[in-house]
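Subject: Handover of a structure for your review

Dear colleague,

Please find below the structure that I am passing on to you. My findings come after it.

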Amino acid sequence: MPGRMDELKGKVKETVGRAKGDEKMVVEGQDQRAAGKVGREVGGAMDQAKGNAKMAAGKLVGNKRLHAEGQMDDAKGSLRRAG
């Protein structure tokens, strides 16, 4: 959830900067929001990739538990990317 928190903090900083007329703060807020979104997307994609690898390995060796763990990781990644 760190990515979502950075997005929220960035939005607050951006809003406060606009209210104060502080362009530097606005840009910092926008940068923080963008970095949070990238972090969330990358983290989710990594979870999904790990899940897909586990599902494939579980299916290949007939390990239902490993396959199920992969499904969970894939779902976790999807949720994380959605925010």
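The notes that follow take up the helices, then individual residues, then the charged pairs.

Please keep in mind throughout that this is a predicted model.

**Helix α2 and its ends**

Helix α2 comprises residues 23-61, 39 residues in total. At 1.5 Å a residue, a span of 57 Å is expected, and the end C-alpha atoms do lie 57 Å apart, so the expected and the computed span agree. At its N-terminal end, helix α2 is capped by Asp22, of which a side-chain oxygen lies 3.2 Å from the backbone nitrogen of Lys24. Just after the helix, Gly62 adopts a positive phi of about 75°.

The buried residues of α2 include several glycines, namely Gly29, Gly36, Gly43, Gly44, Gly51 and Gly58. Val26 and Met55 are also on the list of buried residues, as are Arg40, Asp47 and Gln48. The cover over these buried positions includes α1 and α3, the latter formed by residues 64-82.

**Helix α1: the nonpolar patch**

Helix α1 covers residues 2-20, and Met5 is part of it. Met5 belongs to a nonpolar surface patch together with Leu8, Val12 and Val16. The accessible area of these four residues together is about 330 Å². Met5 has a relative accessible area of 38%, and therefore counts as partly exposed.

Across from α1, Lys37 offers a useful reference point in helix α2. Although Lys37 and Met5 are 32 residues apart along the chain, their C-alpha atoms are separated by 9.6 Å. Lys37 is likewise partly exposed, because its relative accessibility is 45%.

**Helix α1: two buried glutamates**

Is Glu14 of helix α1 buried or exposed? With a relative accessible area of 6%, Glu14 is buried, since the limit for that class is under 20%. Leaving aside neighbours within four places in sequence, Glu14 contacts Met25, Val26, Gly29, Gln30 and Arg33. Two of these contacts, Val26 and Gly29, are themselves among the buried residues of α2. The side chain of Glu14 also makes a polar contact of 2.9 Å with that of Arg18.

Glu7 is another residue of helix α1. Its relative accessibility is 13%, so Glu7 counts as buried. Not counting residues up to four places away in sequence, Glu7 touches Gln32, Arg33, Gly36, Lys37 and Arg40. Arg33 therefore appears in the contacts of Glu14 and also in those of Glu7, with a relative accessibility of 32% that makes Arg33 partly exposed.

**Salt bridges between helices**

How many salt bridges does the structure hold? There are 9 salt bridges in the structure. Three of the pairs deserve a description here.

- Arg33 and Glu14: the closest N and O atoms are 2.6 Å apart. This pair links distant parts of the chain, with Arg33 in helix α2 and Glu14 in helix α1, 19 residues apart. The pair joins a partly exposed arginine, at 32%, to a buried glutamate, at 6%.
- Arg81 and Glu41: the closest N and O atoms are 3.1 Å apart. Because Arg81 lies in helix α3 and Glu41 in helix α2, the pair ties together parts that are 40 residues apart in sequence. Arg81 is partly exposed, with a relative accessible area of 34%, and Glu41 counts as partly exposed at 27%.
- Lys54 and Glu69: the closest N and O atoms are 3.7 Å apart. Here too the pair links distant parts of the chain, Lys54 in helix α2 and Glu69 in helix α3, 15 residues apart. Lys54 is partly exposed at 23% relative accessibility, and Glu69 is partly exposed at 30%.

Lys54 and Glu69 also belong to a network of salt bridges that includes Arg65 and Asp73.

**In brief**

To recapitulate the pairs described, Glu14 of α1 is linked by a salt bridge to Arg33 of α2. On the side of α3, Arg81 is paired with Glu41, and Glu69 with Lys54.

With kind regards

Notes
Residues are numbered from 1 along each chain as its sequence is written. This is a predicted model: local features need pLDDT of at least 70, side-chain atom pairs count only at pLDDT 80 or more; totals for chains, interfaces and linings use all residues. Side-chain values use heavy atoms; hydrogens and water are left out. Patches are made of residues with over 30% relative accessible area and no salt bridge: like charges are joined within 9 Å, nonpolar side chains (Val, Leu, Ile, Met, Phe, Trp, Tyr) within 5 Å. Accessible areas come from the Shrake-Rupley method with a 1.4 Å probe; for residues, only the protein chains shown count as cover. A salt bridge is a side-chain nitrogen of Lys or Arg within 4 Å of a carboxyl oxygen of Asp or Glu. Helices (H or I, at least four residues) and strands (E, at least two) are DSSP runs, numbered from the N terminus. Buried means under 20% relative accessible area, exposed over 50%, partly exposed in between (1.4 Å probe, protein chains only). The expected span of a helix is 1.5 Å times one less than its number of residues. Contact means heavy atoms within 4.5 Å. A polar contact is a pair of N or O atoms within 3.5 Å; within protein, one must be able to donate a hydrogen and the other to accept it, and residues adjacent in sequence count only if both atoms are side-chain atoms.
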